[in-house]
Amino acid sequence: MSHRPSSGLAAVSTALLAMSRHLEVRDVLKTIVASARELLDAEYAALGVPDDHGGFAQFVVDGVSDEQWKAIGPLPRQHGILASMLHKAEPERLADVREDPRFEGWPEAHPEMSDFLGLPVRDGDEILGALFLANKRCPRPEGGCGFTAEDEALLSILAQHAAIALTNARLYERSRELTIAEERSRLAHELHDAVSQKLFSLRLTAQAAAALVDRDPARAKGELQQVAALAAEAADELRAAVVELRPAALDEDGLVHTLRTQIQVLDRAHSARVTFESPGTRALPAAQEEAVLRVAQEALHNALRHADAQLVSVSLTRSGQGARLTVTDDGKGFDPRTVRRAGRHLGLVSMRDRASGVGGRLTVTSAPDRGTTIEMEVPGG
């Protein structure tokens with residue numbers, strides 16, 4: 001009797017324990033891939049999380065060095081066998097992937113692969129990703145031994161639990177982002193209250209100084225010194241708030257990843273469909289990146305909270321040395337002239353100020369029942 005099933009189940013148990021130790025999505029993805037590769041003794045393993053544009057939002061590999069991965073080039077697209085796993089949601093077990101009619105080749109730096117085992121990672125009807133392995137390491141005279149039905153069964157168990165671990169990690173990250181957003185909102189309210197009080201005191205003190213300047217210049221001078229002190233305090237509080245409210249993820253992950261993450265959270269949190277694409281963009285100076293992020297957040301807030309949109313699309317594209325942000329929704333729209341006359345700005349003034357503050361420009365196109373497009377262009381460094 002073969003002892004493989006018991007040893008396999010023990011390995012699955014070890015893998016599941018490893019996955020449960022992580023809460024960050026990226027860490028969970030890495031653990032799933034490493035566990036799958038070790039469990040089935042494969043030379044290569046990978047897990048791709050699809051985006052909405054025929055590619056992959058995340059793609060994690062194990063068995064390929066960082067230098068090899070950089071040489072391979074851009075992330076793969078959803079075609080051939082990868083597309084089959086994602087769209088048909090069925091396992092794929094092949095003796096030689098290169099002989100499959102759907103095989104479309106791979107980049108020059110890509111390692112050679114033969115036997116192949118792939119499974120979709122599913123949460124109910126939702127396909128979270130595609131997990132696959134290649135080149136099983138148990139040599140026989142004619143080459144690799146290939147993956148078996150037993151291997152497929154073990155990987156299926158791992159994939160089911162991987163879906164749970166990945167879903168939990170996503171929920172954790174979403175909860176953390178919402179907590180951060182709530183904390184920033186609280187800080188913003190506290191800032192508003194504190195600075196409003198400072199400005200109110202500053203105004204009263206300035207008025208007192210104006211009243212005293214003719215009849216008691218000495219006292220007026222003292223009041224003006226108090227004005228200067230209050231103004232300095234308000235400026236200090238504003239500077240501290242800017243540092244505290246700046247998104248930490250922007251410094252750590254860059255604009256594209258931060259936008260993509262936040263939009264994925266919004267897409268899951270709202271009934272509207274929210275999509276994001278960013279082909280060929282480059283890093284921008286910190287001030288430009290923060291301005292773009294803030295305008296995107298304001299435009300998304302308007303589309304989801306006020307416009308009753310069902311589809312909101314966000315794109316970030318290269319524009320010369322800079323970038324162009326476009327946020328388009330299919331909501332109820334508005335007449336920009338009417339909004340200005342009514343004294344309601346929907347954040348348009350703030351967005352224009354942010355754009356002009358970094359040397360950019362903002363364009364708003366909207367009409368009743370025709371949706372809204374916010375376009376922002378910023379220069380590069």
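Biologist: Where do I start with the inside of this thing? Which residues touch the most other members of the largest nonpolar core?

Modeller: L325, I374 and M376 do, in a core of 34 residues. Keep in mind that this is a predicted model.

Biologist: Which elements give two or more residues to this core?

Modeller: Three helices are on the list, helix 7 (248-269), helix 8 and helix 10, together with strand 6 (273-277), strand 7 (311-319), strand 8 (322-329), strand 9 and strand 10. Helix 8 gives the most, with nine residues.

Biologist: Let me zoom in on one of those residues. What is L325 in contact with, leaving aside its neighbours within four places in sequence?

Modeller: L325 is in contact with V292, V295 and A296, then with V314, S315 and L316, and also with I374, E375 and M376. Apart from this core lies another one, of 29 residues, with A36, L119, A159 and A165 among them.

Biologist: Now the sheets. How do I read one?

Modeller: The general idea is that strands of a sheet pair through backbone hydrogen bonds, either parallel or antiparallel. Then you look at the order of the strands. One open sheet here has five strands in the order 6-7-8-10-9, and its pairing is mixed.

Biologist: Which strands are the edge strands there?

Modeller: Strand 6 and strand 9, each of which pairs on one side only. Ignoring direction, neighbouring strands of this sheet are turned by 10 degrees against each other on average.

Biologist: And over how many bridges do strand 9 and strand 10 pair?

Modeller: Six, in the antiparallel sense. If you want a pair to click on, R361 stands opposite E377 in strand 10.

Biologist: What packs on that sheet?

Modeller: Helix 8 does, touching strand 6, strand 7, strand 8, strand 9 and strand 10. The direction of helix 8 makes about 175 degrees with that of strand 10. Helix 10 packs on the sheet too, where it touches strand 9 and strand 10, with its direction at about 150 degrees to that of strand 9.

Biologist: How do I read which side of a helix faces in?

Modeller: An α-helix has 3.6 residues a turn, so residues three or four places apart point the same way. Now try helix 10 (residues 348-357): L348, M351 and A355 are buried. They cover an arc of only 65 degrees around the axis, which puts them on the same side of helix 10.

Biologist: What do the buried residues of helix 10 pack against?

Modeller: Helix 8 (286-305), strand 9 (361-366) and strand 10 (372-378). Also have a look just after helix 10, where G359 takes a positive phi of about 80 degrees.

Biologist: What about the other sheet: what is the order of its strands?

Modeller: That open sheet runs 2-1-5-4-3, five strands with antiparallel pairing. Its edge strands are strand 2 (56-62) and strand 3 (92-94), each pairing on one side only. The twist from one strand to the next averages 15 degrees.

Biologist: Do any helices sit against it, and where?

Modeller: Helix 2 (residues 25-39) packs on the sheet, where it touches strand 1 (42-50), strand 2 and strand 5, with its direction at about 40 degrees to that of strand 2. Helix 4 (residues 80-88) lies across strand 1, strand 2, strand 3, strand 4 and strand 5, and runs at about 140 degrees to strand 5.

Biologist: Let's do single residues. Is I81 buried or exposed?

Modeller: The cut-off for buried is under 20% relative accessible area. I81 has 7%, so I81 is buried. I81 lies in helix 4. Not counting residues up to four places away in sequence, I81 touches E92, L94, V97, D100, R102 and F116.

Biologist: And L266, what is its relative accessible area?

Modeller: It is 22%, so L266 is partly exposed. L266 is found in helix 7. Its contacts, again without residues up to four places away in sequence, are V274, L300 and L304. L266 and L300 are 34 residues apart along the chain, and their C-alpha atoms are separated by 8.8 Å.

Biologist: Last one, for the whole chain: how many of the residues count as buried?

Modeller: Of the 381 residues of the protein chain, 42%. The chain holds ten helices and ten strands.

Definitions and conventions: Residues are numbered from 1 along each chain as its sequence is written. This is a predicted model: local features need pLDDT of at least 70, side-chain atom pairs count only at pLDDT 80 or more; totals for chains, interfaces and linings use all residues. Side-chain values use heavy atoms; hydrogens and water are left out. Two strands pair if DSSP finds at least two bridges between them. Helices (H or I, at least four residues) and strands (E, at least two) are DSSP runs, numbered from the N terminus. Axes are lines fitted to C-alpha atoms, for helices over the stretch in contact, and angles run from 0 to 180 degrees between N-to-C directions. Contact means heavy atoms within 4.5 Å. Buried means under 20% relative accessible area, exposed over 50%, partly exposed in between (1.4 Å probe, protein chains only). The arc is that of the directions from the helix axis to the C-beta atoms. A nonpolar core is a set of buried Ala, Val, Leu, Ile, Met, Phe, Trp, Tyr and Cys residues joined through side-chain atoms within 4.5 Å.
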